[in-house]
Amino acid sequence: MEEKTMLSEDGRIVRVDNPWCSFYIDTELAPALDESRCGKWMFYFNDIEFAEEVCRKAALGMVVAECKHSSFESVIENGRGVACFYLNLDDVEAHRRVVAFMLEHGLVRKTKSGKLYNIGLSWMTRHGRENMEPVSRHESR
C-alpha cells in the first residue's frame, strides 16, 4: 500500500511511501528521466530522520527530479539503509548539483586522513544489469 504526501504547496513535489522505500518526486521534472540512460548516486545511512531530511531538501531544492531512501522498517530490519539520487547519465549539470549537494551535506565518506572516498555511480545497462564504477572512469565518456 502506498501513501502519497504533498511536500510543496503547489503539489509539484510529492513523497510516496511504501513498505520498502520513500520516494521524493518532482512531478514536473521526473518524466524527463530516461530509463535507458538513468543513473543514481547513493549514500548509506543508519539514521532514518537524517535520510528523510536530506531527501526532502534535495527534492524541494530542485537538486534532483527524484530520490528515495529505505523505509524505517527496512532500516530496522537490515541495520542500515540506502538513499539514491536519480538523474540522466548525460546531464552534466545535474551531476554537478548532486555531487555539490552530497559534499555540502557530508554524504561522501572520508578516509582517516580526510580524503574523500571515490564513490560509485550506478546505472542500468540495456540488459538490466546494474553497474557501479568510480566517477573518474566516467569522466572521459
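The exercises below, each with a worked solution, concern a predicted model of one protein chain.

**Exercise 1. The chain as a whole**

Task: State which secondary structure elements the chain holds and in what order they run, and how much of the chain is buried.

Solution:
- Step 1. The chain contains three helices and eight strands.
- Step 2. Read from the N terminus, the elements follow the order β-β-β-β-α-β-α-β-α-β-β.
- Step 3. Of the 141 residues in the chain, 45% are buried.
- Step 4. The exposed area of the chain is about 9000 Å², and 51% of that area comes from carbon and sulfur atoms.
- Step 5. Take the contacts between residues at least 6 apart in sequence: 52% of these join residues at least 24 apart.

**Exercise 2. Aromatic rings**

Task: Find how many aromatic pairs the structure holds, and classify the pair of Phe 43 and Phe 45.

Solution:
- Step 1. A pair of aromatic rings is described by two quantities, the distance of the centres and the angle of the planes.
- Step 2. The structure has four aromatic pairs.
- Step 3. For Phe 43 and Phe 45, the ring centres are 6.2 Å apart and the planes stand at 55 degrees, so this pair is tilted. The cut-offs behind the step are under 30 degrees for stacked and over 60 for edge-to-face, with the rest counted as tilted.
- Step 4. Phe 43 and Phe 45 are both buried.
- Step 5. Phe 43 and Phe 45 belong to one aromatic cluster together with Phe 50, Phe 85 and Phe 101.
- Step 6. Another ring, that of Tyr 44, has the charged end of Arg 80 over it, 4.3 Å from the ring centre.

**Exercise 3. Salt bridges and the parts they tie together**

Task: Give the number of salt bridges in the whole structure, then work out which parts of the chain are tied together by Arg 12 with Glu 28 and by Asp 90 with Arg 37.

Solution:
- Step 1. Searching the whole structure gives eight salt bridges.
- Step 2. One of them joins Arg 12 to Glu 28, with 3.3 Å between the closest N and O atoms. Arg 12 is in the loop between β1 (3–6) and β2 (13–17), and Glu 28 is in the loop between β3 (21–26) and β4 (38–45), so the pair ties together parts 16 residues apart in sequence.
- Step 3. Arg 12 counts as buried because its relative accessibility is 17%, while Glu 28 is exposed at 56%. The cut-offs used here are under 20% for buried and over 50% for exposed.
- Step 4. Asp 90 and Arg 37 form a salt bridge whose closest N and O atoms are 2.4 Å apart. Asp 90 lies in the loop between β6 (81–88) and α3, and Arg 37 lies in the loop between β3 and β4, so this pair ties together parts 53 residues apart in sequence.
- Step 5. Asp 90 is exposed, at 52% relative accessibility, and Arg 37 is partly exposed, at 30%.
- Step 6. Arg 12, Asp 26 and Glu 28 are joined into one network by salt bridges that share partners.

**Exercise 4. Asp 17 and its surroundings**

Task: Decide whether Asp 17 is buried or exposed, and list which residues Met 1 touches, leaving out those up to four places away in sequence.

Solution:
- Step 1. Asp 17 is buried, since its relative accessibility is 17%.
- Step 2. The side chain of Asp 17 forms a salt bridge with that of Arg 15, at 2.7 Å from N to O. Arg 15 is also buried, with a relative accessible area of 13%.
- Step 3. Met 1 sits in the segment before β1 and is exposed, at 90% relative accessible area.
- Step 4. Not counting residues up to four places away in sequence, Met 1 touches Asp 17, Asn 18 and Pro 19.
- Step 5. From Met 1 to Asp 17 the C-alpha distance is 8.3 Å, across 16 residues of sequence.

**Exercise 5. Helix α3**

Task: Locate Leu 103 and Arg 97, and describe what each takes part in.

Solution:
- Step 1. Leu 103 is placed in helix α3 (residues 92–104), and Arg 97 is found in helix α3 too.
- Step 2. Leu 103 is partly exposed at 43% relative accessibility, and Arg 97 is partly exposed at 39%.
- Step 3. Leu 103 joins Val 99 and Leu 116 in a nonpolar surface patch of about 230 Å².
- Step 4. Arg 97 touches Met 62 and Val 63, residues up to four places away in sequence not being counted.
- Step 5. Arg 97 and Met 62 are 35 residues apart along the chain, and their C-alpha atoms are separated by 9.1 Å.

How values were computed: Residues numbered from 1 in each chain as written. Predicted model: local features only at pLDDT ≥ 70, side-chain atom pairs only at ≥ 80, totals over all residues. Heavy atoms only, no water. Patch = residues over 30% accessible without salt bridge, like charges linked within 9 Å, V, L, I, M, F, W, Y side chains within 5 Å. Areas by Shrake-Rupley, 256 points an atom, 1.4 Å probe, with all protein chains shown as cover. Salt bridge = Lys/Arg side-chain N within 4 Å of Asp/Glu carboxyl O. Helix = DSSP H or I, 4+ residues; strand = E, 2+ residues; numbered from the N terminus. Buried < 20%, exposed > 50% of the residue type's maximum accessible area, 1.4 Å probe, protein only. Phe/Tyr/Trp six-rings, centres within 6.5 Å; stacked < 30°, edge-to-face > 60°. Lys NZ or Arg CZ within 6 Å of the ring centre and 35° of its normal. Contact = heavy atoms within 4.5 Å.
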